[in-house]
Structure formats: C-alpha cells, structure tokens
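Got your viewer open? Load the model and get ready to click through it step by step.

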Amino acid sequence: MGCAWDVHALCILDFQPKTLPAMTGKLLVLTDLHLTDPGQTIIGLDPAARSRAALSHAIRTHPDADALLLLGDLTHHGRPGQYSGLAALLSDIPCPVFATLGNHDDATAFGAEFPDQMTDGFACHALQNGGMRVLLLDTLDRDGSAPRHGGWLCNQRLDWLDGEMAAADGAPLLIACHHPPFATGFAGMDGIGLANPRALLDRLQAYRGPVQLLCGHVHRTISGAVEGIAFTTLKSPCHQMPMALSAKTTALSVDEPGAYGIALTGPTGAVIHSEDFAVAMAGSHDPDSA
Ligand SMILES: [Fe+2]
C-alpha cells in the first residue's frame, strides 16, 4: 500500500500543469440585479442593497479585474428611475462596464440612461480579454416574437453576431447573454428561455474555434454542455431559484446567498467561478491540505 501511494503521489507531481497557458484576463460578472424603485423589495430583499454589496465585494477582492459584465434583468420593471439607480450603483466602478438586457428590462429606458451602451438600438458588445473574444448578446424580445419573458435574437442581432464571429477568426469565444439557448431542467424557466435557440446554437457549432456560453435568467449556478458547447449560468446577487425542477411556475424565489461571477480568460478558453459574496470568508492555512 505504501509503495502504491508513493507511486500515485509521484504521478501527481509529474502531472502538475506547468505547461498550460496562464489565464491572463479577468472579468467580473453580475446578472439579474432586478433593481426596484427605492424601498420596494423582492421576497423581502432589497435588490439595490444586495447589488451594492456584491459590487463592493467584487471590486475590493478583484481590483485587477479588466471589466464588469452585466447580463440583463438589470431592473425589475424597466422603469427609468430604476436605471438611474443602476447608474448610481455603477458610478464608482473603476473598470469598464458592458451591460446587456434581459426580459425584465426596457431597451428605451435603458438607452436613455446609458446611451453609450447601445448600438443601433441593441445592447450588444464585443471585447478582447485574455486572448478570448467576448461577445455580449442582447436577447431582450422587442416585438412579441417570443413568449412573455422569453428571449429572442432578431435578424439584426444575428447579422451582428455573424460579423463578430467572422472577425474573431477562430479565436476562443465567450458568448454572454441573458436567456439560455438550452434546457436547464427547471420546467418553468425552460418555457421562457431563448425562443429561437437553433439560430444561436447552429452558429456556435459552425464556428471553427472553441466556444463557451455564459448566461443569466435562471438565478441559479448551473454548468454543463449543450451539443458539445460548455455553458455556465450564474446566480443573482439578490434572489435565487429554489431547487424545484418540476415546478411549472417561473415566479418561485428563495433567499439563498447571492453571488457574482468571475471569468478568468486565457488563450484556450475561460474558467468561470461563482462567489457567494455574503457568506464568503477568508481561508485559514492548513499545511496538510492540498
Ligand atoms: Fe431575472
């Protein structure tokens, strides 16, 4: 037994990933902030206070972040004053911010508060980070093409995506959007995902480089692969989806710890972390731990 253990330990040492490329980019990610009017709560929680705590923790813990991504449902009702509240929350963020929209947002009200975040009426963005091409896709349905609260990619946005993917020219892609183009196992939420998922998945599968998906909408940390494409969904900083897979409703929420994401990007792809900021604690040193 002792000999086998020794050999095993030696193998572990031999396979330390010394030659893997380093992750050189870092993106902070918040989704589903659901900012309300002042004083209005969601299941007793104050979305602004939760988002403020998340942003404070994220910026304090990761001062080296290259950018902050916001993946939609920035507000709960899409009201102008709620976007003013978002602007106040973001006023002292030291890195660039890129925001896209979800089903609880209003493009007109958002664009009035954040004109620099809109191009041709859509909150789509392309940036370079850590050797990856990062594309934020606006999946807010403007005209009832999707069921209520579902997501939609119109031809104008798909044309933009085609152009950006062609320009990326095989570089690793991180596609970030609000609505997942895949089933998550939550019956209610799967009824209001991206309503034209093939439009996105077919393009991603045709791409000649690696692709990862990063989504919001479900208010739950989920990972997996859809048709060979790795995905992650992130929790909200405020209210979460309870583990009630068969529930047909989309209105269930629970006060589990809020979170934000940290995407480490490199020339071969991204690693996505989720940080429960309200319960996060500094670790203690144990020399016998791995
Ligand atoms: Fe949401």
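We'll visit a sheet and then a helix that lies across part of it, all in a predicted model.

**Stop 1: the sheet.** Show the strands as arrows and find the open sheet of six, with the order S4-S5-S6-S7-S9-S8 and mixed pairing. Now pick out 125-129, which is strand S4, and 222-226, which is strand S8: these two stand at the edges. Each has a single partner strand, so one of its sides has no neighbour in the sheet. Tilt the view a bit, too: on average, neighbouring strands here are turned by 20° against each other, direction ignored.

**Stop 2: a pair of strands.** Select residues 173-177 (S6) and 211-215 (S7). They run parallel, and five bridges join them. Zoom in on Cys-177 and you'll find Cys-215 of S7 opposite.

**Stop 3: the helix across the sheet.** Next, select 155-168, helix H5, which lies across S4, S5 and S6. Line H5 up with S5 (132-137) and you get an angle of about 175°. H5 has 14 residues and spans 20 Å from its first C-alpha to its last, close to the 20 Å expected.

**Stop 4: two sides of H5.** Which residues of H5 are buried? Colour Arg-157, Trp-160, Leu-161, Met-165 and Ala-168. These residues cover an arc of only 130° around the axis, which means they sit on the same side of H5. Show S5, S6 and helix H7 (197-206) as well, since the buried residues pack against them. On the other side of H5, exposed residues include Asn-155, Asp-159 and Asp-162.

**Last stop.** Step just past H5 to Asp-169, where phi is positive, at about 55°.

Note on methods
Residues are numbered from 1 along each chain as its sequence is written. This is a predicted model: local features need pLDDT of at least 70, side-chain atom pairs count only at pLDDT 80 or more; totals for chains, interfaces and linings use all residues. Two strands pair if DSSP finds at least two bridges between them. Helices (H or I, at least four residues) and strands (E, at least two) are DSSP runs, numbered from the N terminus. Axes are lines fitted to C-alpha atoms, for helices over the stretch in contact, and angles run from 0 to 180 degrees between N-to-C directions. Two residues are in contact if their C-beta atoms, placed from the backbone, lie within 7 Å. The expected span of a helix is 1.5 Å times one less than its number of residues. A residue is buried if 20 or more other C-beta atoms lie within 10 Å of its own, exposed if 12 or fewer, and partly exposed in between; C-beta atoms are placed from the backbone. The arc is that of the directions from the helix axis to the C-beta atoms.
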